[in-house]
Amino acid sequence: MKLTVFGATGGIGQEIVRQALASGHEVTAVVRDPGRLAMGGERLEVFRADLTDPGTLRPAVAGRDAVLSGLGPRSRKDAGVATRLTRTVLAAMESEDVRRVLVVSAGPVGPEPEGAGRLDRTARGLISALLKDVYADLREMEAELARSTTDWTSVRPPRLLNKPLTGTYRTVVGGFPSKGRFIARADVAHAMLAMIDDAGTVKQGVGVAY
């Protein structure tokens with residue numbers, strides 16, 4: 001497949017690029033600073049952009065089978081960036097009639113897991129309060145997806161770890177795995193790539209965790 005990856009220099013974005021290339025896909029990595037993308041290859045195109053103008057992004061998404069985005073706030077001070085940048089990406093996709101898009105969101109944006117215990121409910125409440133601006137941004141990003149004409153999927157992980165790929169994790173369409181507290185960035189990337197052709201995840205939020 002021909003894939004475009006936004007946020008390609010981030011933790012999840014780099015894993016998406018790496019795993020997609022290893023699986024034989026053609027990848028366009030959209031970055032602000034090409035020097036931060038520590039990989040190459042004949043099937044990798046590095047597209048430099050600042051993500052402020054949908055018109056400049058159209059060549060990066062034109063003719064692609066899917067767009068995958070790791071864009072989002074890295075701290076509370078970045079709240080708002082996910083909605084703003086995703087809106088630009090969606091505008092470029094709609095201009096080029098590219099439909100499939102998968103983005104990274106967060107577990108607390110979705111519904112509480114079925115059968116969640118007191119510890120998990122308490123932790124979820126504390127984290128949601130601490131990062132309320134970040135989660136408000138991600139909720140608005142998901143609202144932008146829902147208003148778009150794209151075939152979107154929002155992937156909602158819990159706490160992210162810098163651990164090796166396992167390929168073993170749980171997913172819940174429209175919900176979240178019970179007692180799912182951690183997942184490696186590499187496995188989030190793996191899940192996103194696996195969902196590209198999964199019709200059951202279209203226009204859905206998907207919880208993913210160990």
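## A walk around the sheet and its helices

Let's start at strand β10, which is mostly covered: 5 of its 6 residues are buried. Keep in mind as you click around that this is a predicted model.

**Stop 1: the partners of β10.** Leave β10 selected and add β6. The two run parallel and are joined by 4 bridges. For a spot to zoom in on, pick Ser154, which sits opposite Gly205 in β10. Now add β8. Here the pairing with β10 is antiparallel, again with 4 bridges. Which residue of β10 is the bridge partner of Thr171? Click on Val208 and you have found that partner.

**Stop 2: the whole sheet.** Zoom out and colour the strands. You should be able to trace 8 strands in an open sheet, in the order β3-β2-β1-β4-β5-β6-β10-β8, with mixed pairing. Which strands stand at the edges? They are β3 (44–48) and β8 (170–173); each has a single partner strand, so one side of each has no neighbour in the sheet. Turn the view to look along the sheet, and you can follow a twist that averages 20° from one strand to the next.

**Stop 3: β4 and β5.** Select residues 66–69 for β4 and residues 100–104 for β5. These strands run parallel, with 3 bridges between them. One pair to label is Val67 and its bridge partner in β5, Val101.

**Stop 4: helices on the sheet.** Next, show helix α2, residues 54–61. This helix packs on the sheet and touches β1 (2–6), β2 (26–31), β3 and β4. Its direction makes about 145° with that of β1. Then show helix α6, residues 185–195, which packs on the sheet too. The strands α6 touches are β1, β4, β5, β6 (151–156), β8 and β10 (204–209), and its direction makes about 160° with that of β5.

**Stop 5: α1 against α6.** Keep α6 on screen and add α1, residues 11–22. The axes of these two helices come within 8 Å and cross at roughly 55°. That angle makes α1 oblique to α6. Show side chains to see who makes the contact: Gly11, Ile12, Glu15, Ile16, Gln19 and Ala20 from α1, and Arg185, Ala186, Val188, Ala189, His190, Met192 and Leu193 from α6. As for handedness, α1 passes α6 in a right-handed crossing.

**Stop 6: α1 itself.** Hide α6 and stay with α1. Is this helix mostly covered or mostly uncovered? Mostly covered: 9 of its 12 residues are buried. The buried ones are Ile12, Gly13, Gln14, Glu15, Ile16, Val17, Gln19, Ala20 and Leu21. You can also try the distance tool on the end C-alpha atoms, which are 17 Å apart. At 1.5 Å a residue, the 12 residues should span 16 Å, so the two figures agree. Move on past the helix to Gly24, which follows α1 and has a positive phi, near 95°.

**Stop 7: Leu57.** Finish back in helix α2, at Leu57. Is Leu57 buried or exposed? With a relative accessibility of 0%, Leu57 counts as buried, because the cut-off for that is under 20%. Which residues is Leu57 in contact with, leaving aside neighbours within four places in sequence? Select Phe6, Val30, Ala49, Leu51, Thr88, Val89 and Ala92 to see them. One last pair to click is Leu57 and Leu90: they are 33 residues apart in sequence, and 9.9 Å apart in space from C-alpha to C-alpha.

Conventions. Residues are numbered from 1 along each chain as its sequence is written. This is a predicted model: local features need pLDDT of at least 70, side-chain atom pairs count only at pLDDT 80 or more; totals for chains, interfaces and linings use all residues. Side-chain values use heavy atoms; hydrogens and water are left out. The expected span of a helix is 1.5 Å times one less than its number of residues. Buried means under 20% relative accessible area, exposed over 50%, partly exposed in between (1.4 Å probe, protein chains only). Two strands pair if DSSP finds at least two bridges between them. Axes are lines fitted to C-alpha atoms, for helices over the stretch in contact, and angles run from 0 to 180 degrees between N-to-C directions. Contact means heavy atoms within 4.5 Å. Angles under 35 degrees count as roughly parallel, over 145 as roughly antiparallel, 65 to 115 as roughly perpendicular and the rest as oblique. A crossing is left-handed if the near helix is turned anticlockwise from the far one by less than a right angle, and right-handed if clockwise.
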